[in-house]
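Visitor: I have a structure to look at and no idea where to begin. Can we go through it together?

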Amino acid sequence: MSSKWSASRVGTFVTCKLRYKYQYIDKWISSDTSGVDVQNKGLAFHETAEQYHTGMTDDEAKQVLEGKIKEYNVDESVYNEHAALERFLLFWKNNVAPKELEGYVVKKETWANDTIDEEPFCGALDLELDRPDSVIIFDYKTAQTASTAKYKNQLVLYAYMVGHTRGWTPEE
């Protein structure tokens with residue numbers, strides 16, 4: 001496991017120092033498999049989103065999703081991946097495709113790495129729209145009612161790291 005700080009690692013430390021110790025210092029591996037279904041749902045969606053690009057038809061995206069649902073054995077009666085994909089396709093058409101026309105380059109599944117107060121930090125960026133003078137960062141959430149407030153600090157951290165490595169000031 002990386003010794004770099006990440007948004008989830010900081011969150012674990014803040015919410016439960018004992019869990020942080022067990023997970024990151026003692027490197028205990030939980031035998032609890034209750035979260036595997038949620039992880040598989042997330043993997044199926046993220047891998048579908050990673051393959052998606054402007055110009056791909058909705059039907060092609062749905063075929064990719066179907067393959068991922070089968071690959072990860074996602075229970076469609078519990079997780080409505082198709083509704084998540086519909087929201088994603090709408091998001092892409094309204095937010096990403098127009099930015100590509102403005103000269104932004106689409107980067108998927110990239111890493112932000114930086115040092116803050118002499119501590120190494122990292123973060124996985126689901127989607128980064130990049131221009132020399134501007135960066136837009138998105139983090140996918142498949143829940144229909146994902147609370148954005150819950151992820152604000154994560155996105156601020158990502159933005160800071162990307163900007164800092166470009167030489168931008170915190171204000172920029």
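Guide: One term to start with: a residue is called buried when its relative accessible area is under 20%. By that cut-off, both F45 and F88 are buried. Keep in mind that this is a predicted model.

Visitor: How are the rings of F45 and F88 placed?

Guide: Their ring centres are 5.7 Å apart and the planes stand at 90°, so the pair counts as edge-to-face. The pair also links distant parts of the chain, with F45 in helix α3 and F88 in helix α5, 43 residues apart.

Visitor: Which residues form an aromatic cluster with them?

Guide: The cluster consists of F45, Y52, F88, F91, W92, F138 and Y140.

Visitor: And how many aromatic pairs are there in the whole structure?

Guide: The search finds 13 aromatic pairs. One of them is F13 with Y20, which is edge-to-face, at 5.1 Å centre to centre and 85° between the planes.

Visitor: Is Y20 buried or exposed?

Guide: Y20 has a relative accessible area of 7%, so Y20 is buried. F13 has 33% relative accessibility and therefore counts as partly exposed.

Visitor: Let's step back. How many helices and strands does the protein have?

Guide: There are 6 helices and 3 strands. Starting at the N terminus, the order of the elements is α-α-α-α-α-β-β-β-α.

Visitor: What box do the C-alpha atoms fill?

Guide: Roughly 45 × 45 × 25 Å, taken along the principal axes.

Visitor: What percentage of the residues count as buried?

Guide: The protein has 172 residues, and 33% of them count as buried.

Visitor: What about the accessible surface?

Guide: The accessible surface comes to about 10900 Å², and carbon and sulfur atoms make up 53% of that.

Visitor: New topic: pockets. What volume does the largest one have?

Guide: The largest pocket has a volume of about 1400 Å³. It is lined by 35 residues, and those closest to its centre are S8, D139, K141, Y151 and Q154.

Visitor: Which elements give two or more residues to that lining?

Guide: They are α1, α2, α3, β1, β2 and α6.

Visitor: And how do the lining residues divide into nonpolar, polar and charged?

Guide: The lining has 14 nonpolar, 14 polar and 7 charged residues.

Visitor: Last one. What share of the contacts is between residues far apart in the sequence?

Guide: Among contacts with a separation of 6 or more, 56% are between residues 24 or more positions apart.

Note on methods
Residues are numbered from 1 along each chain as its sequence is written. This is a predicted model: local features need pLDDT of at least 70, side-chain atom pairs count only at pLDDT 80 or more; totals for chains, interfaces and linings use all residues. Side-chain values use heavy atoms; hydrogens and water are left out. On a 1 Å grid over the protein atoms alone, a cavity is a set of points where a 1.4 Å probe fits but cannot get out, and a pocket is an open set with protein on both sides within 12 Å along at least five of seven lines; lining residues have an atom within 4 Å of a point. Grid points are joined across faces, edges and corners, and a volume is the space filled by probe spheres set on the points. Helices (H or I, at least four residues) and strands (E, at least two) are DSSP runs, numbered from the N terminus. Ala, Val, Leu, Ile, Met, Phe, Trp, Tyr, Cys and Pro count as nonpolar, Asp, Glu, Lys and Arg as charged, and the others, Gly among them, as polar. Buried means under 20% relative accessible area, exposed over 50%, partly exposed in between (1.4 Å probe, protein chains only). Contact means heavy atoms within 4.5 Å. Accessible areas come from the Shrake-Rupley method with a 1.4 Å probe; for residues, only the protein chains shown count as cover. Rings of Phe, Tyr and Trp (its six-membered ring) pair if their centres lie within 6.5 Å; planes under 30 degrees apart count as stacked, over 60 as edge-to-face and the rest as tilted.
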